[in-house]
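Dear colleague,

I am passing on the structure we spoke about, and below it you will find a short account of what came out of going through it. Please read it with the coordinates open beside you.

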Amino acid sequence: MGKKIEIRANYELFSKAEELPAIEAELLLRAHAACDTAYAPYSEFRVGAAALLENGEIVLGSNQENAAYPSTICAERAAVFAAAAQFPGVVIRAVAIRVKTAGERVERPISPCGACRQVLFEFEWRQETPIQLLLQGDKGDIYRIASTKSLLPLLFDPSFL
Ligand code: THU
């Protein structure tokens with residue numbers, strides 16, 4: 001029998017944005033508004049992301065789908081890649097991720113997909129600073145996660161190469 005090792009993750013739960021510092025509440029609002037710029041004719045699942053940079057800039061992203069489905073890019077990757085292109089070398093402090101669906105059917109926090117977690121983590125690794133994640137659906141609970149690391153146990157990072 002191998003030795004059992006447990007990996008723990010933790011996050012903070014908030015029931016409304018007013019419980020957060022003003023800038024974090026604003027970031028969630030901006031991410032929600034960014035959902036309106038999504039191009040999601042195939043899934044009709046409109047995701048928005050807002051990245052807060054160390055210089056105070058907020059860079060937005062939304063999912064951009066494609067008829068060749070795997071060519072789609074998710075909102076959070078769109079946001080952090082845009083931030084890197086527009087403000088190279090500026091640390092990303094936080095990323096808020098929201099969804100806007102017809103009938104507000106997503107009442108739990110949206111969670112970044114595996115590919116986005118990997119990309120977000122590499123930003124952390126490059127900038128040697130964690131990125132705080134703020135997750136919320138159309139409405140309802142908010143999860144605040146101090147680093148993408150907690151979402152990627154046994155992660156693959158550039159030090160393996
Ligand atoms: N999507 C995102 O933009 N971010 C996520 O974290 C999850 C999924 C997008 C990809 C696709 O356009 C649609 O949502 C449905 O999967």
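In this predicted model, an oxygen atom of the ligand lies 2.9 Å from a backbone N or O atom of A75. Two side chains also come into the picture: a polar side-chain atom of N63 is placed 2.9 Å from an oxygen atom of the ligand, and an N or O atom in the side chain of E65 is 2.5 Å from an oxygen atom of the ligand. The residues that surround the ligand include, besides N63, E65 and A75, also S43, F45 and V47, and among them are T72, C74 and E76 as well as S111, P112 and C113.

A75 and E76 belong to helix α2, which spans residues 75–86, and the axis of this helix comes within 9 Å of the axis of helix α3, residues 114–127, with a crossing angle of roughly 25°. Since angles under 35 degrees count as roughly parallel, α2 and α3 are therefore described as roughly parallel to each other, and their crossing is left-handed.

On the α2 side, the contact is made by E76, R77, V80, F81 and A84, which meet A115, C116, V119, L120 and F123 of α3. The residues of this contact divide into 8 nonpolar and 2 charged, with no polar ones. E76 thus appears twice, both among the residues surrounding the ligand and among those of α2 that meet α3.

With best regards

Conventions
Residues are numbered from 1 along each chain as its sequence is written. This is a predicted model: local features need pLDDT of at least 70, side-chain atom pairs count only at pLDDT 80 or more; totals for chains, interfaces and linings use all residues. Side-chain values use heavy atoms; hydrogens and water are left out. Axes are lines fitted to C-alpha atoms, for helices over the stretch in contact, and angles run from 0 to 180 degrees between N-to-C directions. Helices (H or I, at least four residues) and strands (E, at least two) are DSSP runs, numbered from the N terminus. Angles under 35 degrees count as roughly parallel, over 145 as roughly antiparallel, 65 to 115 as roughly perpendicular and the rest as oblique. A crossing is left-handed if the near helix is turned anticlockwise from the far one by less than a right angle, and right-handed if clockwise. Contact means heavy atoms within 4.5 Å. Ala, Val, Leu, Ile, Met, Phe, Trp, Tyr, Cys and Pro count as nonpolar, Asp, Glu, Lys and Arg as charged, and the others, Gly among them, as polar. A residue is near a molecule or strand if one of its heavy atoms lies within 4 Å of it. A polar contact is a pair of N or O atoms within 3.5 Å; within protein, one must be able to donate a hydrogen and the other to accept it, and residues adjacent in sequence count only if both atoms are side-chain atoms.
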